[in-house]
Amino acid sequence: ETPEEKISQIDYLSDEEKHKLLVTYNDTAIAYPKDKTIVGLFEEQVAKTPDNVAVVFEDRELTYQELNEWSNQLAHYLKDNYDIRPDDLIGIKQERSEWMMVSIFGVLKLGGAYVPIDPEYPRERLDYIEKDTQYKVCLDETELSKFKESRERYSTEPVTSTAKSNNLIYVIYTSGSTGKPKGVMLEHRGLVNRLLGMKRDLQVEEADVFLQKTPVTFDVSVWELFLPLIGGSKLVFAKPDGHKDPVYLDAVLASQKISIIH
């Protein structure tokens with residue numbers, strides 16, 4: 001009927017359809033605690049369910065209380081030995097285990113941000129990330145061994161920190177396929193928003209069991225690590241390289257009764 005009319009001028013939707021698609025579906029605003037940090041949400045959960053199992057790795061497990069106390073001790077260790085302050089960057093260069101979660105929370109309790117580093121990275125990439133971040137310390141197996149030997153000397157009480165919701169929580173590096181790798185920086189408040197939305201939409205309960213199998217240098221790992229621990233759920237770590245083995249994963253899903261997996 002109107003062959004000369006521009007496609008960009010044609011309106012295919014009724015007023016009712018337009019309102020539904022553009023207004024109703026986009027009405028996603030919701031109140032959430034913008035001043036909270038991930039540490040704050042975790043510590044609230046510790047107070048509610050101290051004896052729930054928080055982290056499982058093979059035949060080892062930590063309760064919420066134990067995870068909280070061990071990470072408090074690591075925070076004291078880092079503060080005393082490296083004077084970690086809010087927004088300082090700390091490398092996490094470890095294989096997957098329960099100590100990875102202790103390490104991350106130890107950093108966050110001081111307001112620091114963790115930088116996940118694959119121990120198998122080429123030397124060139126390791127050197128680049130160290131130079132680019134100028135991290136204060138790298139929690140690798142050597143540094144963890146020092147802490148483990150002296151852990152009992154440090155208090156299990158919370159460390160004094162001025163960390164706020166606008167402090168960094170992590171810096172994750174891109175692959176660098178389009179040039180040099182770039183460190184992507186995220187603040188606590190962005191992750192709090194994301195996790196509380198996921199917790200609501202997935203209807204996460206204390207009985208849920210999450211599988212952590214994504215390499216921590218990839219951002220999907222972030223919600224795997226933190227979502228279970230702000231809701232009283234259990235976090236099960238796959239063994240190193242286990243994410244590449246479907247037979248192993250199938251066995252873990254069954255034996256650990258995994259209910260949420262990416």
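**Close-up 1. Where helix 2 meets helix 7.** How close do the axes of helix 2 and helix 7 come, and at what angle do they cross? In this predicted model, the axes of helix 2 (residues 38-48) and helix 7 (residues 188-202) come within 9 Å, with a crossing angle of roughly 50 degrees. That angle makes helix 2 oblique to helix 7. Helix 2 brings I38, V39 and L41 to the contact, while helix 7 brings H188, L191, V192, L195 and L196. Sorted by class, seven of these residues are nonpolar and one is polar, with no charged residues in the contact of helix 2 with helix 7.

**Close-up 2. T37, in the loop leading to helix 2.** T37 sits in the loop between helix 1 (15-24) and helix 2. Is T37 buried or exposed? Its relative accessibility is 13%, so T37 counts as buried, the cut-off being under 20%. Leaving aside residues up to four places away in sequence, T37 touches A163, K164, S165, H188 and V192. Two of the names here, H188 and V192, will be familiar from the contact of helix 7 with helix 2.

**Close-up 3. Helix 3 across helix 6.** Here helix 3 (64-82) packs with helix 6 (residues 141-150) at an angle of about 110 degrees, and their axes are 11 Å apart. Helix 3 is therefore roughly perpendicular to helix 6. Look for W70, Q73, L74, Y77 and Y82 on helix 3, and for E143, K146, F147 and S150 on helix 6, which together make the contact. The mix by class is five nonpolar, two polar and two charged residues.

**Close-up 4. The two sides of helix 5.** Which residues of helix 5 are buried? In helix 5 (residues 123-133), they are R125, L126, I129 and T133. These residues cover an arc of only 105 degrees around the axis, so they lie on the same side of helix 5. The spacing fits a general rule: an α-helix has 3.6 residues a turn, so residues three or four places apart point the same way. Strand 3, strand 4 (113-116) and strand 6 (168-173) are what the buried residues of helix 5 pack against. On the face turned away from the buried side are the exposed residues R123, E124 and K131. Just after helix 5, Q134 has a positive phi of about 50 degrees.

**Close-up 5. The nonpolar cores.** The largest nonpolar core has 56 residues, and L67, M101, F105, Y114 and F226 have the most contacts inside it. Helix 4 (residues 98-108) gives the largest share of this core, eight residues. To follow one residue through the view, start at F226: not counting residues up to four places away in sequence, F226 touches I38, M101, I104, F105, L108, Y114, I169, L191 and L195. A second, separate core has 12 residues, among them L89, I117, L126 and V171. L126 is also one of the buried residues of helix 5.

**Close-up 6. Positive phi at E58 and D83.** E58 is not a glycine, yet has a positive phi of about 55 degrees. You will find E58 in the loop between strand 1 (53-57) and strand 2 (60-63). D83 also has a positive phi, near 50 degrees, and is likewise a residue other than glycine. D83 belongs to the loop between helix 3 and strand 3 (89-92). With a relative accessible area of 36%, D83 is partly exposed.

Technical notes: Residues are numbered from 1 along each chain as its sequence is written. This is a predicted model: local features need pLDDT of at least 70, side-chain atom pairs count only at pLDDT 80 or more; totals for chains, interfaces and linings use all residues. Side-chain values use heavy atoms; hydrogens and water are left out. Helices (H or I, at least four residues) and strands (E, at least two) are DSSP runs, numbered from the N terminus. Buried means under 20% relative accessible area, exposed over 50%, partly exposed in between (1.4 Å probe, protein chains only). Axes are lines fitted to C-alpha atoms, for helices over the stretch in contact, and angles run from 0 to 180 degrees between N-to-C directions. Angles under 35 degrees count as roughly parallel, over 145 as roughly antiparallel, 65 to 115 as roughly perpendicular and the rest as oblique. Contact means heavy atoms within 4.5 Å. Ala, Val, Leu, Ile, Met, Phe, Trp, Tyr, Cys and Pro count as nonpolar, Asp, Glu, Lys and Arg as charged, and the others, Gly among them, as polar. The arc is that of the directions from the helix axis to the C-beta atoms. A nonpolar core is a set of buried Ala, Val, Leu, Ile, Met, Phe, Trp, Tyr and Cys residues joined through side-chain atoms within 4.5 Å.
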